[in-house]
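Good morning, everyone, and thank you for making time for this. Before I say anything, please take a moment with the sequence and the model that I am putting up now.

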Amino acid sequence: MSSSRGRKKSSVYQKLQQLRSLTKSAAVNKTSIIVDASRYIGELKDKVDKLSQETGTTSQVWTSQNPLPMVTVETLEKGFLINVLLEKNCPGLLVSVLETFEELGLDVLEARVTCEDSFRLEAIGGENQGNAEGIDAQMVKQAIMQAIRKWDENSQQD
């Protein structure tokens, strides 16, 4: 198992270094690289918005008041490693994400959450009693993004 864990750790390290390179980040730890990547994505979104305004088209609902969420999902042996990052406080979002896990048939096996200045969730979701068969990482990511959109729409109405 440790060799499998070592390969997975090496793969994650390589992906983080690729992300670091693509975003021209000087960060060295995982969280800082992800935060820099999120900012980079925000900058790209701002450029798209500016170009859209110049051409008279519109883009997604996410604005500078609602920064773009960053969601990554990796497939594990029996479940998924899920990371969610929003650069704002998101009261009630954790409940929406956990309800999505339940709808997908995933049990939370381990989780770390920070909700003070930003929303960060790192969770391992495992298939509960085989109910989650047939779902893949992309389906999990789409379901979480949809939960974030619904939460955002509901929080704007309040």
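I will go through two pockets, one after the other, and say what lines each of them.

Please keep in mind throughout that what you are looking at is a predicted model.

Let me begin with the largest pocket, which holds about 1,300 Å³ of space. Its lining is made up of 36 residues, and those closest to the centre of the pocket are K30, E74, L81, N83 and E122. If you ask which elements give two or more residues to this lining, they are the helices α1 (2–22) and α2 (30–55), together with the strands β1 (70–76), β2 (79–86), β3 (106–114) and β4 (119–127). Of these, α1 gives the most, with eight residues. As for the character of the lining, it divides into 18 nonpolar, five polar and 13 charged residues.

Now let me turn to the second largest pocket, where the space comes to about 200 Å³. Here I can read out the lining in full: S96, E99, T100, E103 and L104, followed by A143, Q146, A147, K150, W151 and N154. Two helices, α3 (93–104) and α4 (137–157), each supply at least two residues of that lining, and α4 gives the most, with six. How do the residues of this lining divide into nonpolar, polar and charged? Four are nonpolar, four are polar and three are charged.

To close, then, α1 gives the most to the lining of the largest pocket, while α4 does so for the second largest.

Definitions and conventions. Residues are numbered from 1 along each chain as its sequence is written. This is a predicted model: local features need pLDDT of at least 70, side-chain atom pairs count only at pLDDT 80 or more; totals for chains, interfaces and linings use all residues. Side-chain values use heavy atoms; hydrogens and water are left out. On a 1 Å grid over the protein atoms alone, a cavity is a set of points where a 1.4 Å probe fits but cannot get out, and a pocket is an open set with protein on both sides within 12 Å along at least five of seven lines; lining residues have an atom within 4 Å of a point. Grid points are joined across faces, edges and corners, and a volume is the space filled by probe spheres set on the points. Helices (H or I, at least four residues) and strands (E, at least two) are DSSP runs, numbered from the N terminus. Ala, Val, Leu, Ile, Met, Phe, Trp, Tyr, Cys and Pro count as nonpolar, Asp, Glu, Lys and Arg as charged, and the others, Gly among them, as polar.
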